[in-house]
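Please open the model in your viewer, with the sequence alongside, and follow the selections in the order given.

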Amino acid sequence: MPIPTGHAPRSGGRLAAVGVGLAVLAVPLWAVGATVWQPLTEPVGPWSERLPEASTYWARDLRFLALLAVASGLVLAGAGRRSWLVPAVLLGGGALAVDVAVDRADPTGPGATALLVVAGWLAVGSTVASAVRRDGATGVDGPRRADGTGPGDAPGGAGPAGAATVAAPDRTVGPADPHRPVGVAGRDRAVLAGVAGVAAVLALAAVLTRSPTGREPALDPAALVTALLLLAVTVTGAAAAAPARGRRRLAAATGVAVTGGIGLPLVRLVGPADRLVPAALLGTVLLLGVTLLTRPALPARRYPVLGAVALLAPALLWHVALLVSAALSPGAPLTALAGNSPVGGGDPDVLPSLAGLVAGLGTTVLLARTAGVPGRRGHPGSAAGGSARPASAERRYP
C-alpha cells in the first residue's frame with residue numbers, strides 16, 4: 001500500500017537497535033544491584049542489632065525495576081509486536097526467579113558482577129534471536145519502500161498479489177482483515193504508548209525509593225540511574241508510538257526528555273518526606289507529554305481532564321497498591337526464599353516496585369480511556385485527515 005506523499009516510512013531497524021540497547025544497558029544495572037547494592041542492605045550475622053525494617057531491602061526494588069526495563073526495551077525493539085512481547089514478558093518473569101536465586105547465593109566482587117552481566121546479555125541475546133526467528137517465520141514486514149512495497153509484499157505492492165501478502169506480527173493477512181497492524185514493520189502503537197506510560201510511572205517509583213535511614217551513600221545514585229534509564233524507555237516508546245513525524249512531535253519528545261532529565265534529580269534532592277508532591281507534578285508533565293506524542297491533535301476540552309488523570313491517577317493507584325502490599329507483605333516470601341532476615345518490628349515487607357507497576361498499568365488504561373487508544377477506530381486522527389500514517393498501518397480495536 002503506498003505511503004501518502006510527504007510522509008516517509010520510519011526505520012524499524014533503528015527502533016530495534018535502541019530497544020535492544022536499553023535492555024543491554026539495564027543488565028549491568030541489575031548485576032551491580034545484586035553484587036554491590038544488595039549486600040549493603042543485609043544485616044551482618046544472625047545476632048545483628050540492625051534488624052530489617054520496612055524498605056530495608058531497597059536494592060531489591062531497584063533490581064526489579066531494572067529487570068522491567070530489560071523487558072520493556074525488548075518490547076520496544078519488537079515495535080510492540082506479539083512475537084517480541086511474549087518472549088520479553090517470559091524473560092522478565094524468569095529473570096525475577098533468577099534474581100531470587102542470585103540473592104540467596106550472595107555473590108560479591110567484580111568477578112561475580114561480570115559473570116552476571118555476561119549471563120544477562122546471553123539471555124537477552126537468545127530472546128532477541130528467538131523473536132527474530134519468529135518474525136521470519138511469520139513474515140513480518142520491514143520498513144516499506146518508496147513504491148509502497150515491503151519485504152513481505154509481492155512486486156508492485158499495490159496489485160492484488162501484493163495486497164494478499166501484507167504481513168502482520170502473528171500471521172499473514174489480506175485486505176479482508178484491515179484491523180491488523182501492517183506496514184512500517186507492523187508497529188503496534190497501542191502497546192508502544194502503553195510501555196511509555198508505564199515506564200514513566202516506574203521512573204517515579206525509582207526516584208521515590210527510600211530506606212529506613214535514607215543515609216546510604218549508594219541509594220541516591222542507584223535510584224537516580226534506574227529512574228533515568230526508565231525515562232529513556234519512556235521517551236523511546238512515546239516517540240515510536242507517534243502517529244507521524246513533525247516539529248510538534250520532536251518538540252514534545254525533547255520536552256519529555258529534558259523535563260525528566262532535570263526533574264528526576266531535583267525530586268531526588270528533596271527530602272524523603274517531601275518528595276511526593278514534586279514527583280506527582282513531574283509525573284503529570286511526563287504523562288501529558290507521552291499523550292501529546294502518541295495521539296493526534298486532541299480537542300482542547302480534553303486537556304483539563306487529561307491533566308487531572310495524569311496528576312491524580314498515579315498517586316492514588318500508587319497509595320492503594322502500597323496499602324494492599326502492606327496488608328499482604330508480598331516481599332516476605334521473597335525475603336525468605338533469598339535467605340535474608342525477615343522484616344521485624346511489625347513492619348510490612350512491601351514491594352514499592354510492584355506498586356509502581358500496578359500504578360503504571362492502571363494510569364495508562366485511564367489515559368487511554370480519556371485520550372483514546374492510539375489507532376482505535378473512531379479515535380480522532382486514526383483515519384483519513386488526522387494521521388500522517390495510513391489507517392491500515394495502525395492497530396485498531398473492535
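Begin by selecting Ala359, which in this predicted model has a relative accessibility of 0% and therefore counts as buried, the cut-off being under 20%. Colouring residues 352-371 will show the helix to which Ala359 belongs, α12. If you then display the surroundings of Ala359, leaving aside residues up to four places away in sequence, you will find that Ala359 touches Val201, Pro314, Leu317 and Trp318. A distance drawn from the C-alpha of Ala359 to that of Ala313 should read 7.7 Å, although the two residues are 46 apart in sequence.

Move next to Leu311, which is placed in helix α10. Is Leu311 buried or partly exposed? Its relative accessible area is 34%, so Leu311 is partly exposed, a term used here for values between 20% and 50%. Add Val277, Leu281, Leu312 and Leu316 to the selection and show the surface, since together with Leu311 these residues make a nonpolar patch of about 480 Å². Two elements, α9 (276-294) and α10 (302-328), each give two or more residues to this patch, and α10 gives the most, with three.

For the interior, select Trp58 and Val124, which touch the most other members of the largest nonpolar core, a set of 78 residues. Helix α6, residues 189-207, is the element that gives the most to this core, with 14 residues. Apart from that core lies another of six residues, including Ala238, Ala252, Val290 and Leu293. Returning to Trp58 and again setting aside residues up to four places away in sequence, you can display its contacts with Trp37, Thr41, Thr209, Arg210, Ser211, Glu216, Ala218, Leu219 and Ala222.

The last stop is helix α4, residues 110-138, where a distance between the end C-alpha atoms comes to 42 Å. What span should the 29 residues of α4 have at 1.5 Å a residue? The expected value is 42 Å, which agrees with the distance between the ends. Within α4, select the buried residues, which are Ala112, Thr113, Leu116, Val117, Gly120, Val124, Thr127, Val128, Ala131, Asp135 and Thr138. As you look along the helix axis, bear in mind that an α-helix has 3.6 residues a turn, so residues three or four places apart point the same way. Finally, show α1 (12-41), α2 (58-77) and α3 (82-105), which are among the elements that cover the buried residues of α4.

Conventions
Residues numbered from 1 in each chain as written. Predicted model: local features only at pLDDT ≥ 70, side-chain atom pairs only at ≥ 80, totals over all residues. Heavy atoms only, no water. Helix = DSSP H or I, 4+ residues; strand = E, 2+ residues; numbered from the N terminus. Buried < 20%, exposed > 50% of the residue type's maximum accessible area, 1.4 Å probe, protein only. Contact = heavy atoms within 4.5 Å. Patch = residues over 30% accessible without salt bridge, like charges linked within 9 Å, V, L, I, M, F, W, Y side chains within 5 Å. Areas by Shrake-Rupley, 256 points an atom, 1.4 Å probe, with all protein chains shown as cover. Salt bridge = Lys/Arg side-chain N within 4 Å of Asp/Glu carboxyl O. Core = buried A, V, L, I, M, F, W, Y, C linked by side-chain atoms within 4.5 Å. Expected span 1.5 Å × (residues − 1).
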